[in-house]
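Here is a small set of exercises to work through with the model open beside you. Try each task before you read its solution.

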Amino acid sequence: MENVRKRRGKNVHSTPGVSEENGSRGKVKPFHFDLWFCLTAQNWILDFGRPIVMIILPLEWFPLNKPSAGDYFHMAYNVITPFLMLKLIERSPRALSRTAVYLCIITFVMGASIHLVGDSINHRLILSGYQLHLSVRENPIIKDLKPASLIDSFELLYFYDEQLGHLMWYIPFFIILFIYFYGCFSSTEEQRKIPVSGWLLLGPSALYYWYLVTEGQITELFLLAYVAMVAVVTFQRSKGLRPDSNGLFLFYSFSVTVLLVALWVAYLWNDPALRNKYPGLFYVPEPWSYYTLHIKKSQ
């Protein structure tokens, strides 16, 4: 009986889960190379590689009235990317709102699906002579359509593809990355070291984000997310916290992306044709518009 009482006395002052929690705090959170690699690889293959596959593969394999190879790539992207982002959120050091994450994922899938339809039709128009560096009404294959109300339909298609689809796709994408980044801070020096594998992955990751920002025409959204990340870093430093290896990887990727976008804009600053198509506050031409204007014509 005395032994039982002693054991009970020792357990009275112990709180369930505290020892496990203290033990987990002492552990170094690993760099999520598997998730970052999968995200980067599938972004390059399924997103960037999508229009390239449509150009390379023979048109006879994919009739214009059927889904193309790029469409199947887009379908795979719409499934794999949300799954990987959910796995990334699961590994967040901080507990996050499930409601916010689920709403972002649902909106992401809906926006990417809208873009899938619009982009599929858009690439078929390219095969028929549509020129990306011109507006919808200025394109030779569209401006003479009869009745003229058909042009309004193509402008609606462009709106769903390049504006609404992109916003519903990318806003939740960056919100999820920002939510994850907000939880990636630590006071331990060991957790702030990016491994060699992370540094090797940094270049491809940043280069893809450059493509995402320029082709998606989301410069303002990306800069807003980047400024928010800088503000969080500044705020957390005042509390003695620094980004861990995963937070640093994401922050450095965005920082290099800002530099690449600036170099891209500087390179095409005096291009009159592209200036005419992108007259807004932020002049950031799309890479595929540059391709149809300068590279495809020369071929």
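**Exercise 1.** Is the crossing of α4 and α5 left-handed or right-handed? Work out the geometry and the make-up of the contact too.

*Solution.* A quick word on ground rules: this is a predicted model, where local features need pLDDT of at least 70, side-chain atom pairs count only at pLDDT 80 or more, and totals for chains, interfaces and linings use all residues. Residues are numbered from 1 along each chain as its sequence is written, and side-chain values use heavy atoms, with hydrogens and water left out.

Step 1: get the elements straight. Helices (H or I, at least four residues) and strands (E, at least two) are DSSP runs, numbered from the N terminus. Helix α4 covers residues 69–90, and helix α5 covers residues 98–127.

Step 2: look at the axes, which are lines fitted to C-alpha atoms, for helices over the stretch in contact, with angles from 0 to 180 degrees between N-to-C directions. Those of α4 and α5 cross at roughly 165 degrees and come within 10 Å. The cut-offs are under 35 degrees for roughly parallel, over 145 for roughly antiparallel, 65 to 115 for roughly perpendicular, and oblique for the rest. So α4 and α5 are roughly antiparallel to each other.

Step 3: settle the hand. A crossing is left-handed if the near helix is turned anticlockwise from the far one by less than a right angle, and right-handed if clockwise. For α4 and α5, the crossing is right-handed.

Step 4: list the contact (heavy atoms within 4.5 Å). On the α4 side, the residues include D71, H74, Y77 and M85; among their partners in α5 are V101, F108, S120 and R124. Sorted by class, the contact of α4 with α5 has 12 nonpolar, 6 polar and 2 charged residues. Here Ala, Val, Leu, Ile, Met, Phe, Trp, Tyr, Cys and Pro count as nonpolar, Asp, Glu, Lys and Arg as charged, and the others, Gly among them, as polar.

**Exercise 2.** Which side chain does R124 join through a polar contact of 3.3 Å? Describe the setting of R124 as well.

*Solution.* Step 1: place the residue. R124 sits in α5 and is buried, at a relative accessible area of 13%. (Buried means under 20% relative accessible area, exposed over 50%, partly exposed in between, with a 1.4 Å probe and protein chains only.)

Step 2: find the polar partners. A polar contact is a pair of N or O atoms within 3.5 Å; within protein, one must be able to donate a hydrogen and the other to accept it, and residues adjacent in sequence count only if both atoms are side-chain atoms. The side chain of R124 makes such a contact with that of D71, at 3.3 Å. A polar atom of the R124 side chain also lies 2.9 Å from the backbone oxygen of S120.

Step 3: fill in the neighbours. Leaving out residues up to four places away in sequence, R124 touches M54, P63, L64, K66, P67, S68 and D71.

Step 4: compare with N122, which is in α5 too. N122 counts as buried at 11% relative accessibility, and among residues beyond four places in sequence it touches Y130, L132 and D161.

**Exercise 3.** At what angle do α7 and α9 pack? Then do α5 and α6.

*Solution.* Step 1: helix α7 (residues 196–216) and helix α9 (residues 245–267) pack at about 50 degrees, with their axes 8 Å apart. That makes α7 oblique to α9.

Step 2: α7 passes α9 in a right-handed crossing. Its contact residues include W199, Y209 and W210 of α7, with F249, F254 and W264 among those of α9. The class count for α7 with α9 is 16 nonpolar, 5 polar and no charged residues.

Step 3: the axes of α5 and helix α6 (residues 149–182) cross at roughly 145 degrees and come within 7 Å. The crossing of α5 and α6 is left-handed, and their contact divides into 17 nonpolar, 7 polar and 2 charged residues.

**Exercise 4.** What is the sign of phi at Q217?

*Solution.* Step 1: recall that most residues other than glycine have a negative phi. Step 2: Q217 is not a glycine, yet its phi is positive, about 55 degrees. Step 3: Q217 lies in the loop between α7 and α8 (219–237) and is partly exposed, with a relative accessible area of 29%.
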